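Colleague: I would like a close look at one part of this model, namely the place where the central strands meet, with enough of the surroundings to make sense of it.

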Amino acid sequence: MNIFLVGYMGSGKSTIGKQLSAILDFNFLDFDNLIEEKEDAIISTIFKNKGEVYFRKQEYKYLLELFKYDNHVVSLGGGTPCYGHNMEQIKAQDNVVTVYLKAKIPTLVDRLILEKEKRPLISHIDDRASLTEFVGKHLFERSKFYLKSDLVIDVDDLSPEKVVNQ
Ligand code: S3P
């Protein structure tokens, strides 16, 4: 079986995924890293040189490859469940449990403001108010996909250890 961690950018998918996989003795896979390896380019370069539509096509292609894995904790990209029929296809896998790491807008903004450079969707946003507005609207559009997950964890007030335990 596999656990797919779902959630907005900055929700802690990679941090939690690493710790959870160690405890379960599963393998850990960061899906963004897999895409970067396959494409031989970092995410921001893929967006810059080939555009978001190309990125989403490749993301879908590599998502299908993930379905062959076993005993993995996977941190998906923030947008992975939100395009095409990706979430339906993920949910159709008998051996995948999806977990949504649900964080409030201020929590996400606090984290993203410190590490927005590697994220092409927000790297151009300079001030906190604009980032808050962007994340608010974007999360509103995406929540319906995230909320299809098998398990939802409110992560705002929890240490990584407590999230992993849940
Ligand atoms: C994206 C999130 C990123 C990465 C890409 C697009 C998104 O992953 O896949 O920049 O659409 O939310 P993280 O959620 O790991 O930052």
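Which residue in S4 does leucine 5 stand opposite? Please go on from that position to the strands around it and to what lies beyond them.

Modeller: Leucine 5 stands opposite valine 99 in S4. Before I go further, please keep in mind that this is a predicted model, in which local features need pLDDT of at least 70 and side-chain atom pairs count only at pLDDT 80 or more, whereas totals for chains, interfaces and linings use all residues. Residues are numbered from 1 along each chain as its sequence is written. Helices (H or I, at least four residues) and strands (E, at least two) are DSSP runs, numbered from the N terminus, and two strands pair if DSSP finds at least two bridges between them.

The facing residues belong to S1 (2-6) and S4 (96-102), two strands that run parallel and are joined by five bridges. On S5 (residues 151-154), valine 99 has leucine 151 as its bridge partner, and four bridges join S4 to S5, again in the parallel sense. S1 in turn pairs with S3 over three parallel bridges, where phenylalanine 4 has valine 74 as its partner. From S3 (72-75) the pairing continues to S2 (residues 27-30), which is parallel to S3 and joined to it by four bridges, and here aspartate 30 is partnered by serine 75.

S4 is largely enclosed by the rest of the structure, because five of its seven residues are buried; a residue is buried if 20 or more other C-beta atoms, placed from the backbone, lie within 10 Å of its own, exposed if 12 or fewer, and partly exposed in between. Leucine 151 in S5, by contrast, is exposed, because 12 other C-beta atoms lie within 10 Å. Its C-alpha atom is separated by 19 Å from that of leucine 29, although their positions lie 122 residues apart along the chain.

Both of the residues you started from belong to the setting of the nonpolar core, which is a set of buried Ala, Val, Leu, Ile, Met, Phe, Trp, Tyr and Cys residues joined through C-beta atoms within 7 Å. The largest such core has 29 residues, and Phe4, Leu5, Val6, Val99 and Leu101 touch the most other members. At least two residues of this core come from each of several elements, including S1, S4, helix H1 (13-24) and helix H7 (128-146), and S1 gives the largest share, four residues.

Leucine 101 shows how this region is packed, with contact meaning that two C-beta atoms, placed from the backbone, lie within 7 Å. Leaving aside residues up to four places away in sequence, leucine 101 touches nine residues' worth of surroundings, among them Leu5, Lys13, Ile16, Ile153 and Val163. Lysine 13, which is found in helix H1, touches Leu5, Gly7, Ser75, Leu76 and Leu101 under the same exclusion. Lysine 13 counts as buried because it has 27 C-beta neighbours inside 10 Å.

Two loop residues next to these elements deserve a separate word. Asparagine 71, in the loop between helix H4 (52-66) and S3, has a positive phi of about 55° although it is not a glycine, and it is partly exposed, with 13 other C-beta atoms within 10 Å. Aspartate 40, in the loop between H2 and helix H3 (43-50), likewise has a positive phi, near 55°, and with 8 C-beta neighbours inside 10 Å it counts as exposed.

Stepping back to the whole protein, there are eight helices and five strands, and from the N terminus on they run β-α-β-α-α-α-β-α-β-α-α-β-α. Of the 166 residues, 30% count as buried. Among contacts with a separation of 6 or more, 73% are between residues 24 or more positions apart. Along its principal axes the C-alpha trace spans about 40 × 35 × 25 Å.
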